[in-house]
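Let's practise describing how two helices sit against each other. Have a look at the model first, and then work through the exercises one step at a time.

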Amino acid sequence: MPRIRVLLAAVLVLALSATAGSAGEAAKANLDILLDSIRANKKALVAANLTLTDEEAARFWPVYDRYQEELNTVQDRAVKIIQDYTASFHDLSNEKAMKLADDWLSADRVKVRRTYLDQFAKVIPGRKVVRFYQIENKMDAVLRYDLAGGIPVVGE
């Protein structure tokens, strides 16, 4: 887990540094590549830590791919909100701050995870469902921690 954490953290820091100070299509393309890399490593980490039989894997991965697609939509929204914030945090109006806060809270990963709980339970045993969500939560915690370090706090 520590090696993957370092890799994900490095990729995330590069993504934030590329987006915080850059503009234009090149920066967006770089961010897209970095996000794809994070997502690919995430799937590999799940695969390495969730021991599935061949039968379970055949049923699990299609559900996982749908789940991840929905989660990616939410996470892409969150990235755009962070980009918007980092581009304007120096002169952020009260109205813009409240809109960003509302948008951030609307990007609800928990809702997606809750929606898929029953679907995962239909394709793998309950203990593996819990393990999967634990793996997801640990990866999310690492990424969110590292992300928090790169986002400046708005002034008073």
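**Exercise 1.** Work out how α5 and α6 are oriented relative to each other.

*Solution.* The two helices are roughly antiparallel. To see why, begin with the angle: in this predicted model, the axes of α5 (residues 109-123) and α6 (residues 126-150) cross at roughly 160°. Angles over 145 degrees count as roughly antiparallel, so α5 and α6 belong in that group. Next comes the distance, as the axes come within 11 Å. Finally, add the handedness: the crossing of α5 past α6 is right-handed.

**Exercise 2.** Find the residues that make the contact between α5 and α6, and sort them by character.

*Solution.* Start on the α5 side, where R109, R113, Y116, L117, F120 and A121 take part. Then move to α6, which contributes V129, F132, Y133, E136, N137, D140 and R144. Now sort them: seven are nonpolar, one is polar and five are charged.

**Exercise 3.** Zoom out and describe the protein chain as a whole: which secondary structure does it have, and what percentage of its residues count as buried?

*Solution.* First, count the elements: there are six helices and zero strands, giving the pattern α-α-α-α-α-α along the sequence. Second, check burial: 37% of the 156 residues count as buried. Third, turn to the surface, where the accessible area is about 9,700 Å² and 58% of it belongs to carbon and sulfur atoms. Last, consider contacts between residues at least 6 apart in sequence: 75% of these join residues at least 24 apart.

Note on methods. Residues are numbered from 1 along each chain as its sequence is written. This is a predicted model: local features need pLDDT of at least 70, side-chain atom pairs count only at pLDDT 80 or more; totals for chains, interfaces and linings use all residues. Side-chain values use heavy atoms; hydrogens and water are left out. Helices (H or I, at least four residues) and strands (E, at least two) are DSSP runs, numbered from the N terminus. Buried means under 20% relative accessible area, exposed over 50%, partly exposed in between (1.4 Å probe, protein chains only). Contact means heavy atoms within 4.5 Å. Accessible areas come from the Shrake-Rupley method with a 1.4 Å probe; for residues, only the protein chains shown count as cover. Axes are lines fitted to C-alpha atoms, for helices over the stretch in contact, and angles run from 0 to 180 degrees between N-to-C directions. Angles under 35 degrees count as roughly parallel, over 145 as roughly antiparallel, 65 to 115 as roughly perpendicular and the rest as oblique. A crossing is left-handed if the near helix is turned anticlockwise from the far one by less than a right angle, and right-handed if clockwise. Ala, Val, Leu, Ile, Met, Phe, Trp, Tyr, Cys and Pro count as nonpolar, Asp, Glu, Lys and Arg as charged, and the others, Gly among them, as polar.
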